[in-house]
Structure formats: C-alpha cells, structure tokens
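User: Hi! I'm new to this one and would love a short tour. Could you walk me through it?

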Amino acid sequence: MSIEAIYFDGEMARDHAVTVNRVGSNLSFQGAAVPATTWSISGLHSIDPPTPGQPFRITHDNKPGARLIIRDQAFIDDLVAQNSHLKGGYSWRHLGQVLGWTAGGLAAFAGLGYLAMTVLPQQIAGLLPHSWRDRSGDQVITSLVGTAKRCETPGSKSAIAAMVAALAESGTDIPSVAIDIYDMDLVNAFAVPGGHIVLTRGLLKEASDPDEVTGVLAHELGHVYHLHPEAQLVRFAGLQVLAGAISGGSSGDLVTSAAGLATILRYTREAEREADAYARDVMVKASVDPIGLKRFFEKFMKLEGIKPGEPPQESSALDTIGNVFSTHPGTQDRIKEIQPLPAGKTPVKIMTDEQFRDLQQACG
Amino acid sequence: MSELVGEIQTATSAAPPERLNFSYTKRPGLLKLTIVNFLLSIITLGFYRFWAKTNVRKHIWSSVHINGEPLEYTGTGMELFKGFLVVFFVLLLPYILAVTAATVIQGPESPIAVLLQIAFFLAIYVLWGFAVYKARKFQLSRTNWRGIRGTLVGSAMIYSLLYFGSMLAKSMSAGWATPVMNTVLAEQITNDMRFGDAAFKFKGRAGPLYPTYAMCWLLTLVAIIAIIVIFVGSSTLTDEIKSMFDPDTSPDTIAEIVKYIILAGVILFFTFMLVIPMLWAIYTAKELRTFATYTRFDGVPFTLDATTGSVIWLTVINLLLIVFTLGIAWPFVQQRIVKFFVDRMTLEGLVDVDRIRQSSAKMDRRGEGLADAFDVGGL
C-alpha cells in the first residue's frame, strides 16, 4: 500500500511531497528531494491525537525535528488501530508521572517538615554562633517581659551568686548564664536563648525557702545546658520557612507575637525530662535538697488549679508558656521521680535568711 | 549512484514566494481539556498546572493555521516544572531562609530584615522584564511551523533593564512616557525575534500614538474631576449623611438618602470599572494597530485590524469568563486572545517561505520559572 504525504525535514521550511510505504514494522518514504528513509513504527510519535478528517502528523525518534503529514484516512486508521502508542491523549504513563512528582514533592515537603520539627533543631542549635544566640535571646526577653522592669539590688545579686555557687559545688559542667529578675506577677521562670534565665517577682514571692528557688534554677540550667531554647528557636524558624514556602513569601514577624513566644518557650516533654534529670543530678551532687523543687512543683500545680490525674486546662498563651513544670500530662510522673538526697548527704544551707529576703524583695 | 543522480535531476525547484494567510480553526476538545486540567490540578494541589498549561498550548497552537499548516507547540510540562523548581530553590527558598534568620535573630524591625525585604521587592521589579523576555523566548522556541522554530536572539538582561527603566519613567511622568516606552520595549523584543533564520524587524516612532494618548489621558482626568466635583464638592451629601444620625430625621428621608448613597456607589463603580477602562481601550487598539504596521517579517509589514470595540469586547468577555468560572475557564480566555490576533492579522506581501532555514539558536532546557512565580500575564 503506497500513499502520498508531505514531509518537512526540520532543517528547511520547504515542504516535500513523498510517497510512503508500509513494509512490515517500518514506514519507508522518499520523494524528489528526499532520499529513501525508513522509520520504525515503534519509534513513531503522534504530534496530536489523530482526529478524523484532519491530517495526521507524526515524527520519529531518529529525527525529532522532522514531520510526516499523512492525509489518507484509511492509512491513518489502519496505522493507529494496530499501534496504540500513536493514539495520543491522556496516558496512564503521563498521569503516573505527574502524580509521582506530586507525591514525591509532598513527601519531600513532609519529610523536611518532620526534620524541621524533630531532629534538626537540636543539631542546628549547637552550630549557632554565640552572638546569634545572644541577640535572639535579647529579642525574646524584650517581647516576653514587655514593660516590666528588671529588678536588681546588691542583696539579690549576692543571693543569685550564692545559688549558682551552691550548684557549682556539684562539680558538673554548669553553663555560664545571666540570671535576671523581672517585675512580673506571673509565677514562672524561663530559659531564653543565649544563656539567659528570667525569674519573675511572682515566683520569688511564692517560694518559701532558698531550696525551692535553687531547684527551679537547676531545672532552667538544665534547659540552658541542653540548648533547649536555641532548639526551640530553630524549630520555630523552620516552621516559618515551611509556612513561607507554602504561601510563596515571607510569613511575617511571628517571633514577637504571643503565638510565636508560645512556640519558642514551650518545650517538648523530652526536653522537660532532660532538664529534670539534669536538675536532679546537679542537686544530688551539690547536696542541694531536691525536695525544694518537688515542693514548689506541687505548690505550682495547686496554684494553677490542677488536680492530680487531671489534664490541665489551657488558659491564655502567655500563662501556660514554658512553665517551669510545663503543665502537660505526665507532670505527676515527673514529680514522683524527684527523690530526697541519698542517706549520708546533708542538705547544704545555700544562703542566709537575709539574702533570701533580699532576693524576694528585689523588686521592692 | 545512478539513483542519486536521478533524484537530483528530478528535484522540483522551490515554490515562488507566497502570501501567508492566518486562520484560527477551532478544534473540539478544549472543554474536556479544561475540565480534566481542573480536576487534576485539584488532586495534585496545583502541581499539575505546568502540564495543564502545556496541554492547553498544544491545543490552541494547533488551531492556528498558516497557509493550511498548523502551528505546533513542542514544549513539555516537565520543562515548565523544572523552571519552577529552579526559581523556587535558587531564589525563593534562600530568600525565605535569609529573612527568617534575620527576623528571628535580629528582630523584624532590624535594618537587615527590612533591607532584605526591600531588596526582594526591588529584585522582583528588576527581574520582571527578564521574566517576560525569557517566557517569550521559551514559547517561541517551542513553536514550530513547517518544522521550523522561532526564538529570541538578544539579551534578557538588557530587556530587563529597559523594562525596569520604563516602569520608572511611566510612573514619574504621570503616564506620559507610556507611548515612548512601549515603543522602545516593542522595538527591543521584536528586533530579537526570529523564525528560523528569518528576522522580524520593528521600526517606527511613538509620535503618532500621542494624540490618542493625550485624548485618553485628558478624558480620564475630566472623569475623575467630575467625580470629585459631584461627590466632594457638593457638601449637601455629607450634610445629608450626618442628618441620617439625627433622631429627628424621618424614616422616609433616611430611605431617600440611602438611595442617594447607593446611586453614588453605582456611579463610582461604573466610572472606574467601566468608563475609564473603556476609554483606554481606544489607546490600546491604536497602539496595537500602530505596532503591527511597524513590524515586518522578512521585510513584509503586518497590519492588525484592532478596533476599539473589538478590544473592549475581547476584554469584557474575558473578564466575565474569569470571574464567573473563578478562573477555571482560562483556556477559553487564552483561545479568545490568540483567535483575536490571528483573525485580525494580515501580512501585506509575499514571503519566500521555502528559503527559511532552521534556527541555530540553542534551546533553553527549562522554561518560565520566573514568569510563573511572578504570574506574568500572557499565555
């Protein structure tokens, strides 16, 4: 069967009349200025799906720029009927490719998101230059304390020094920290990036002896030691990047918002356990009575209206963020793990009663 | 050997120069394409748009016939997708990382965070022309007719700078630089255009555009002043609005005033959404006609029968199509735009088509990443 067709060689715009023959699994054609050419049918591609009444346009793997245009309907029907790859239109392969890319893209995104939330932050936190930690810590403090003023008296200074010195007696690696008191009502303590610890006036007033404050301080030192605040910061930044990538731009300045603070200062349960373990270890080694921490813990739960065995109710973001004892389920277990000093160890006296009074009255 | 000699002897001589006739022949299947594209876009959370664009272009291109031979779009969805990935990872992600880091470390109001954001917006403006040029180049290089493809042979960077300069000039001259700048931009990009080894040329002055531009500009000014005089100048309206809150005013009067306010709203809407844009259609049509006569392919000038009415009709129906289908009908909008140009375009002379050789320009392997990110208009 021999038919007439038009051929473009992909090098000149000129059209060529050719005679096409179908020989077995090949098409061969030639014309006045076209040397005899053989195209395997398996290597053919249709440019458009074949449409009845329209010329059928095909090309070949060997010469992707060339076009063979066939008008003979019977020839087209015959060719397409026996070679389904020329039908064109939507194919499962095409659909699979698109869905594959989509699934791959989403999986990569979810994977990145998971890493950004779990493993990576702690790893990256250790790599942050110290100046970065300091500056971001300053920012967090600024938005955390708002207009509350910093309280410092010679007495409070010496009391804080005494607590640090007592804990340093443990011989463990105590990170160097800047501990500041702020004139805030809420009963809380925060570890902030850059090795800052914030104690509130409310917390100091609520404490009934130096052991309680020192216990809380040991816990916060645990967070500082493990770089938990920095990790939270990285975690938060990662969230922002993901949000930005989805929305296609910057996601604004959530750092200073209450929601941003809540994200930064609310540790995972693992982090709280690590800080607890660090505090217990340091206190035992330094002979600071751990029962102080335990007592304050229970006092705090009472204050928050948490009954044993009941999940705490969420109040406003700023009330619940980064509580010394992060009041999520599991708190009871954490209290239970705090044991008295082992037999043979006598609790040290951390500071004088006068120093403690000065500490409590740092804000007047 | 003897066969070969025979072939050369019987080779037909090339056809004489011919007139090129453009026609748009609608093919069935665009509605199905639109629906399938829409569904797949939803399933893939928008990832499908690169393949959707490609399918629609293939359909529309193949509906354009020049002397009986259709155009062919040879681009693939994957090329567009890769273009998107490159822009995302090279431009967008580093920016987001940098801004987030600056914001978290230095604070949202810190100089570095603010500077980064300003730099980003500036970069968008500077790169806008780059995106336009690259997208045009990609589309031309994926457009085949008789086996020959088009391209742009110039520098996208130069066009980008010109484009940025034109935006500045237009805004600083209260619009009066528009005819000059549009002419310069059209000249720059058209002179870079090739079909195979045949060149497009653009030559002409902006002067003839100015009478029409001045008329549209002044009429717009008159319309705005009229609005100001009617609503702000007459203090009665503000007095009436105040009296609405006076307990002594009767409900009938209040109803009357509310009617006035609604009427005012309708007049404002019509002025700014319909009257002023329609006014500018006069200029758009004039510019299209003028630029067509300035453009030559292989030495032969074009004409484009773009009337004010036809431009308004094209724009209004396209707007309604987009609004009432929430954008799903965009393939039809594109078809209407292409059909508008193809139906109204004429090449006023003979072209020696058979002589045209394939373009030797290198083809970009990816396409339109920036244009996609910026949502640059066009096809």
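Analyst: Happy to! One definition before we start: a helix axis here is a line fitted to C-alpha atoms over the stretch in contact, and angles run from 0 to 180 degrees between N-to-C directions. Also, keep in mind that this is a predicted model.

User: Got it. At what angle do helix α7 and helix α11 of chain A pack?

Analyst: Helix α7 (residues 210–225) and helix α11 (residues 291–303) of chain A pack at about 90 degrees, and their axes are 7 Å apart. Angles from 65 to 115 degrees count as roughly perpendicular, so α7(A) is roughly perpendicular to α11(A).

User: Which residues make that contact?

Analyst: On the α7(A) side you'll find A:D211, A:E212, A:T214, A:G215, A:V216 and A:H219, while α11(A) brings A:G292, A:L293, A:R295 and A:F296. Sorted by class, the contact of α7(A) with α11(A) has 3 nonpolar, 4 polar and 3 charged residues.

User: And how do α7(A) and α10(A) pack?

Analyst: Helix α10 of chain A covers residues 269–286, and α7(A) packs with α10(A) at about 125 degrees, with axes 7 Å apart. The two helices are therefore oblique to each other. The crossing of α7(A) past α10(A) is right-handed.

User: Who's touching whom there?

Analyst: From α7(A), the contact includes A:G215, A:A218, A:H219 and A:L221, and from α10(A) it includes A:A271, A:E274, A:Y278 and A:M283. By class, the contact of α7(A) with α10(A) has 9 nonpolar, 4 polar and 2 charged residues.

User: Back to α11(A) for a second. Is A:F300 buried or exposed?

Analyst: A:F300, which is found in helix α11 of chain A, is buried, because 21 other C-beta atoms lie within 10 Å and the cut-off for buried is 20 or more.

User: How far is A:F300 from A:A207?

Analyst: In sequence, A:F300 and A:A207 are 93 residues apart; in space they are 9.8 Å apart, C-alpha to C-alpha.

User: Cool. New topic: how many residues are in contact between chain A and chain B?

Analyst: Chain A has 37 residues in contact with 38 residues of chain B. On the chain A side, β7 (63–70), α2 (92–117), α4 (130–145) and α8 (228–247) each supply at least two residues.

User: Which element gives the largest share?

Analyst: That's α8(A), with 6 residues of the side of chain A that touches chain B.

User: And what's that side made of, by class?

Analyst: The side of chain A that touches chain B has 18 nonpolar, 11 polar and 8 charged residues.

Key
Residues numbered from 1 in each chain as written. Chains lettered and ligands numbered in written order. Predicted model: local features only at pLDDT ≥ 70, side-chain atom pairs only at ≥ 80, totals over all residues. Helix = DSSP H or I, 4+ residues; strand = E, 2+ residues; numbered from the N terminus. Parallel < 35°, antiparallel > 145°, perpendicular 65-115°, else oblique. Contact = placed C-beta atoms within 7 Å. Nonpolar A, V, L, I, M, F, W, Y, C, P; charged D, E, K, R; others polar. Left-handed = near helix turned anticlockwise from the far one by under 90°. Buried ≥ 20, exposed ≤ 12 C-beta atoms within 10 Å, placed from the backbone.
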